[in-house]
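The exercises below can be worked with the sequence and the model side by side. Please try each task before reading its solution.

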Amino acid sequence: MALTPFMIDLVNKRVVIVGGGLVAERRMRCLLESGACVTVISPEIGEGIRALWEEGYVNWKQRHFEADDVADAFLIIVATNDPATNQTVIEAVPETSLVNVAADAEQGNIQFPAHLQQGKLSISIATNGASPMLAAKIRNRLATTYDRNYGDYVDFLYESRQLIKRSLLTKQTQTLLLRELLDESFKNKQKQMAIINWLESLVKGEEHDERLGR
Ligand SMILES: C[C@@]1(CC(=O)O)c2cc3[nH]c(cc4nc(cc5[nH]c(cc(n2)[C@H]1CCC(=O)O)[C@@](C)(CC(=O)O)[C@@H]5CCC(=O)O)C(CC(=O)O)=C4CCC(=O)O)c(CCC(=O)O)c3CC(=O)O
Ligand SMILES: NC(=O)C1=CN([C@@H]2O[C@H](COP(=O)(O)OP(=O)(O)OC[C@H]3O[C@@H](n4cnc5c(N)ncnc54)[C@H](O)[C@@H]3O)[C@@H](O)[C@H]2O)C=CC1
């Protein structure tokens, strides 16, 4: 069966991570950036997780897993190095929860792809488990093309699109303009600024006219 890619909103969602090692930390950093409310359950935690816990970013239950721990979790990450514990967690997961199993992806219902984030640009790479190392290699290669400047360009496209949508330009002109901004030349920061200034004054002018009932 093929897996389906999604973008998911995890703001304030309850996430439980069982295990406190390196894989748990990798997942935790990504989940915290998503605004999730993260609890880690593990008798021991690595240095990175400890620092996050000391700064108050995550909750930590310093003990072995208990079945109740996942009762009302939206997402559960099974990331211990103990196969018996992993199995116990999988069996305790409510039917409606999302679950990721680090040691055997097919036992869960979600997987984490290799991921590249630059501003609002998000690129995920999956090989459906064929080779996580290849996924990482492709991500690293793409990172040289889709660098920070590219992320800034995507952020510029976001800002322009919001203004274009607010404007009273016809739908047809809006579409033309949105397509025009994909031209390579708009990666130039001065050109971006000129467009934003033009769009801002256009929208401001239109809103002013509207207030005056023109
Ligand atoms: C399903 C998935 C994610 C998920 O867990 O949901 C998954 C699953 C598994 N990985 C395993 C092993 C390794 N994973 C890595 C590394 C990475 N793994 C990542 C993604 C994914 N790994 C997702 C699939 C992506 C796809 O579709 O290709 C990367 C890209 C991103 C990230 O994790 O953030 C990250 C790059 C880190 C970086 O360099 O940035 C290394 C190498 C290393 O650690 O350096 C090894 C050891 C070598 C090997 O085994 O190949 C095992 C066996 C565990 C065991 O043996 O017990 C499983 C379980 C299974 O195969 O079922
Ligand atoms: N999906 C992926 O990308 C990868 C998955 N793995 C798999 O993930 C597993 C974990 O990897 P690491 O984080 O590197 O291991 P690790 O050895 O660094 O950490 C394991 C953690 O599990 C905790 N733990 C053990 N028994 C527990 C219990 N009963 N309750 C709660 N916590 C318990 C330990 O205290 C420790 O914090 C590996 O065993 C391997 O199978 C490994 C590499 C990559």
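UniProt positions are given here in the numbering used for this chain, feature names are shortened, and annotations may be inferred rather than shown by experiment. The model is predicted, so that local features need pLDDT of at least 70 and side-chain atom pairs count only at pLDDT 80 or more, while totals for chains, interfaces and linings use all residues. Residues are numbered from 1 along each chain as its sequence is written, and chains are lettered from A and ligands numbered from 1 in the order in which they are written.

**Exercise 1. The chain as a whole**

Task: Describe the secondary structure of the protein chain and decide how its radius of gyration compares with the globule rule.

Solution: Begin with the elements, where helices (H or I, at least four residues) and strands (E, at least two) are DSSP runs numbered from the N terminus. The protein chain has 7 helices and 7 strands, and along the sequence they follow the pattern β-α-β-α-β-β-α-β-β-β-α-α-α-α. Next, the radius of gyration is 23 Å, well over the 17 Å that the globule rule gives for 214 residues, so the chain is more spread out than a compact globule. The radius is taken over C-alpha atoms, and the rule is 2.2 Å times the number of residues to the power 0.38. Along the principal axes, the C-alpha atoms fill a box of roughly 70 × 40 × 35 Å. Finally, 18% of the 214 residues count as buried, a class that requires 20 or more other C-beta atoms within 10 Å of a residue's own, whereas exposed means 12 or fewer and partly exposed lies in between, with C-beta atoms placed from the backbone.

**Exercise 2. Domains and an annotated segment**

Task: State which domains are assigned to the protein chain, and characterise the segment that UniProt lists as "domain: Siroheme synthase central".

Solution: The assignment gives domain 1 (14-112), domain 2 (113-141) and domain 3 (148-211), and such bounds come from an automatic or database domain assignment. The C-alpha centres of domain 2 and domain 3 lie 30 Å apart. Between these two domains, 4 residues of domain 2 are in contact with 7 residues of domain 3, contact meaning that the C-beta atoms, placed from the backbone, lie within 7 Å. The side of domain 2 that touches domain 3 has 1 nonpolar, 2 polar and 1 charged residues; here Ala, Val, Leu, Ile, Met, Phe, Trp, Tyr, Cys and Pro count as nonpolar, Asp, Glu, Lys and Arg as charged, and the others, Gly among them, as polar. As for the annotation, an unreviewed UniProt entry lists residues 118-143 under that name. Over residues 118-143 the chain is 46% helix and 23% strand, with the end C-alpha atoms 9 Å apart.

**Exercise 3. Two ligand shells**

Task: For each ligand, find which residues come nearest and which helix gives the most to the shell.

Solution: A residue is near a molecule if its C-beta atom, placed from the backbone, lies within 6 Å of it. Around ligand 1 there are 19 residues, of which Ala105, Gln111, Ala114, Thr127 and Pro132 come nearest. The largest share of this shell, 4 residues, comes from H4, and domain 1 and domain 2 each supply at least three residues. By class, the shell around ligand 1 has 11 nonpolar, 6 polar and 2 charged residues. Around ligand 2 there are 21 residues, and Gly19, Gly20, Gly21, Val23 and Ala103 come nearest. Helix H1 (residues 22-33) gives the most to that shell, with 3 residues, and the shell divides into 11 nonpolar, 8 polar and 2 charged residues.

**Exercise 4. Single residues**

Task: Is Ala135 buried or exposed, and what is the sign of phi in Asn128?

Solution: Ala135 lies in helix H4 (residues 132-145), and Ala135 is buried because 20 other C-beta atoms lie within 10 Å. Leaving aside neighbours within four places in sequence, Ala135 is in contact with Pro113, Ala114, Ile125, Ala126 and Thr127. Pro113 is 22 residues from Ala135 in sequence and 7.6 Å away in space, C-alpha to C-alpha. Turning to Asn128, this residue is found in the loop between strand S7 (121-125) and H4, and phi is positive, at about 50°, although Asn128 is not a glycine. Asn128 is partly exposed, with 13 other C-beta atoms within 10 Å.
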